[in-house]
Amino acid sequence: MIRTLLTSVAALGLATAPALAETLVIRGETVWTGTAQGVIENGIVVIEDDRIVAVGGSGTEVPDGATEINAAWVTPGLIAAFSQTGLVEVGAEDSTNDTAAAMSVFSAALNAADGFNPDATAIDVTRIEGFTRLVVAPGTGNSLFAGQGFVADASGDLDTELDEKAFTFIRLGEAGAGLAGGSRQAAMMLLRAALDDARSYPARYITQNDGAVLNRVDAQALAPAARGQQLILVQASRASDLNAIMDLAEDEPSLKIVIVGADEAWRVAPRLAETGIPVIIDAFSNLPASFEKLAATSENAARLADAGATFAIANVGDGSHQARLATQLAGNAVANGLSFDDAMVALTSAPADIFGLTGFGRLAPGAHADVVAWDGDPLEIVSSPVAVIIDGEQQSMESRQTRLRDRYLNLDESERPHAYTRP
């Protein structure tokens with residue numbers, strides 16, 4: 001469901017109508033399309049309203065009066081495939097952190113969209129680094145069922161459109177074991193029982209007060225996922241955990257499962273490819289940080305690609321304020337054997353396909369006009385976007401940090417504020 005957030009300003013009639021998208025022509029020395037067109041040298045992307053209408057070489061017809069943008073590179077808008085951007089302002093300040101609800105009596109029914117704040121400063125920071133769409137997941141509280149996640153654009157507008165309840169999020173592995181009673185077998189049994197509760201909703205709840213493990217409200221929320229009508233994101237890292245999830249998928253083939261984390265995915269990559277279960281990975285998780293990541297390697301992405309498995313790259317470990325670092329993670333994956341094209345796919349069309357975002361993640365006629373113009377190779381740490389377009393509209397390239405930089409950039413030393421020093 002697409003929700004429009006109403007504000008008190010709009011209610012008072014003070015808000016102006018949204019600006020109409022203009023016709024844009026983006027000229028790029030290198031245009032990475034993410035389609036069969038491949039890479040176009042000295043290419044042109046033409047945008048009218050909220051759609052791409054043409055992608056081609058230097059001879060592409062350009063509409064009269066269009067606003068032109070020149071760039072070194074042009075790509076589709078990047079997609080943060082897993083984040084908590086917009087749910088938290090200051091992680092250590094509970095009043096600004098809506099990622100999880102440890103004291104709630106509900107779990108699977110918690111709707112993360114209700115806590116989304118388009119004014120969160122991390123959204124601007126993420127957008128100006130080339131990300132136009134955010135996949136936002138809730139955190140787990142006192143249950144392995146975290147709740148309902150959503151997809152949002154990265155405009156930061158108060159009327160940001162949200163694809164609510166795009167997926168349900170569940171944690172297994174070490175964290176899930178702890179939340180389920182202390183062991184992985186307890187977590188898997190709890191998950192299977194919960195799916196059974198949800199599939200039997202509402203019949204079971206007419207004759208009984210509750211199901212085996214879920215109350216009425218949580219069972220109702222989990223029912224679409226249990227019946228194969230909603231995506232299920234499951235976080236796990238260890239190869240044996242990934243096998244257990246694939247066993248579940250084979251036992252219940254109607255389930256639509258995506259695995260998040262998957263630090264040891266390379267060890268079961270052929271089976272992932274065979275089952276068609278996508279994974280969302282931190283491509284530079286390469287240390288044995290816990291017993292479930294002993295086989296983590298920076299070659300995880302390359303080995304998954306070699307096996308033909310589907311994967312997206314995201315900053316799984318810190319997606320609230322640093323979702324933007326996914327480009328660096330992808331660049332590191334390229335340095336460790338992944339092809340450039342596969343790395344870009346993992347930031348664009350792969351997450352679009354995983355989350356059913358038709359028309360996103362590619363530069364093609366008819367596609368949604370989420371486009372980024374860059375001053376260099378998008379996977380190089382020194383490169384930055386010069387323009388970000390969402391739904392055909394140029395976005396602000398400012399954040400709180402850039403405003404602070406610009407405020408003091410031209411001040412000489414005597415004019416800059418100094419910290420108090422004791423006389």
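**Entry 1: nonpolar cores**

I began with the largest nonpolar core, which holds 79 residues. Leu 272 and Ile 313 have the most contacts inside this core. I note here that the model is predicted. I then listed what Leu 272 touches, leaving out residues up to four places away in sequence. The list consists of Met 246, Ile 259, Ala 265, Ile 277, Val 279, Leu 304 and Ala 309. I found another core lying apart from the one that holds Leu 272, and it has 23 residues. Among its members are Ala 81, Phe 82, Ala 146 and Val 260.

**Entry 2: helix 9**

Leu 304, a contact of Leu 272, led me to helix 9. In this helix I recorded Asn 300, Ala 301, Ala 302 and Leu 304 as buried. I looked up what covers these residues, and the cover includes helix 8 (269–275), strand 12 (279–281), strand 13 and helix 10. After helix 9 comes Gly 308, with a positive phi near 85 degrees.

**Entry 3: helix 10**

I turned next to helix 10, residues 326–335. Its buried residues are Ala 326, Thr 327, Leu 329, Ala 330, Gly 331 and Ala 333. Their cover includes strand 6 (78–83), strand 7, helix 9 (300–307), strand 13 (311–313) and helix 11 (340–347). I note that helix 9 appears in the cover of helix 10, and that helix 10 appears in the cover of helix 9. Strand 13 is included in the cover of helix 9 and in that of helix 10. Helix 10 is followed by Gly 337, and I recorded its phi as positive, near 105 degrees.

**Entry 4: helix 4 against helix 6**

How do the axes of helix 4 and helix 6 cross? I found that the axes of helix 4 (residues 184–199) and helix 6 (residues 216–226) come within 7 Å and cross at roughly 100 degrees. Helix 4 is therefore roughly perpendicular to helix 6. From helix 4, the residues in the contact are Ala 194, Leu 195, Asp 197, Ala 198 and Arg 199. Helix 6 contributes Ala 219, Leu 222, Ala 223 and Ala 226. I sorted the residues of this contact into seven nonpolar, no polar and two charged.

**Entry 5: salt bridges**

I counted 18 salt bridges and examined several of them.

Arg 133 pairs with Asp 370, with the closest N and O atoms 2.7 Å apart. Where do the two partners lie? Arg 133 is in strand 7 (residues 131–136), and Asp 370 is in the loop between helix 12 (349–354) and strand 14 (371–374), so the pair ties together parts 237 residues apart in sequence. Buried or exposed? I recorded both Arg 133 and Asp 370 as buried.

I looked next at Asp 196 and Arg 204, a salt bridge whose closest N and O atoms are 3.6 Å apart. Asp 196 is partly exposed, because its relative accessibility is 39%. Arg 204 is also partly exposed, with a relative accessible area of 22%.

The side chains of Glu 398 and Arg 403 form a further salt bridge, 3.7 Å from N to O. Glu 398 has 38% relative accessibility and so counts as partly exposed. Arg 403, at 41%, likewise counts as partly exposed.

My last look-up concerned shared partners. I found one network, formed by salt bridges that share partners, joining Arg 133, Asp 370 and Asp 391.

Definitions and conventions: Residues are numbered from 1 along each chain as its sequence is written. This is a predicted model: local features need pLDDT of at least 70, side-chain atom pairs count only at pLDDT 80 or more; totals for chains, interfaces and linings use all residues. Side-chain values use heavy atoms; hydrogens and water are left out. Axes are lines fitted to C-alpha atoms, for helices over the stretch in contact, and angles run from 0 to 180 degrees between N-to-C directions. Helices (H or I, at least four residues) and strands (E, at least two) are DSSP runs, numbered from the N terminus. Angles under 35 degrees count as roughly parallel, over 145 as roughly antiparallel, 65 to 115 as roughly perpendicular and the rest as oblique. Contact means heavy atoms within 4.5 Å. Ala, Val, Leu, Ile, Met, Phe, Trp, Tyr, Cys and Pro count as nonpolar, Asp, Glu, Lys and Arg as charged, and the others, Gly among them, as polar. A salt bridge is a side-chain nitrogen of Lys or Arg within 4 Å of a carboxyl oxygen of Asp or Glu. Buried means under 20% relative accessible area, exposed over 50%, partly exposed in between (1.4 Å probe, protein chains only). A nonpolar core is a set of buried Ala, Val, Leu, Ile, Met, Phe, Trp, Tyr and Cys residues joined through side-chain atoms within 4.5 Å.
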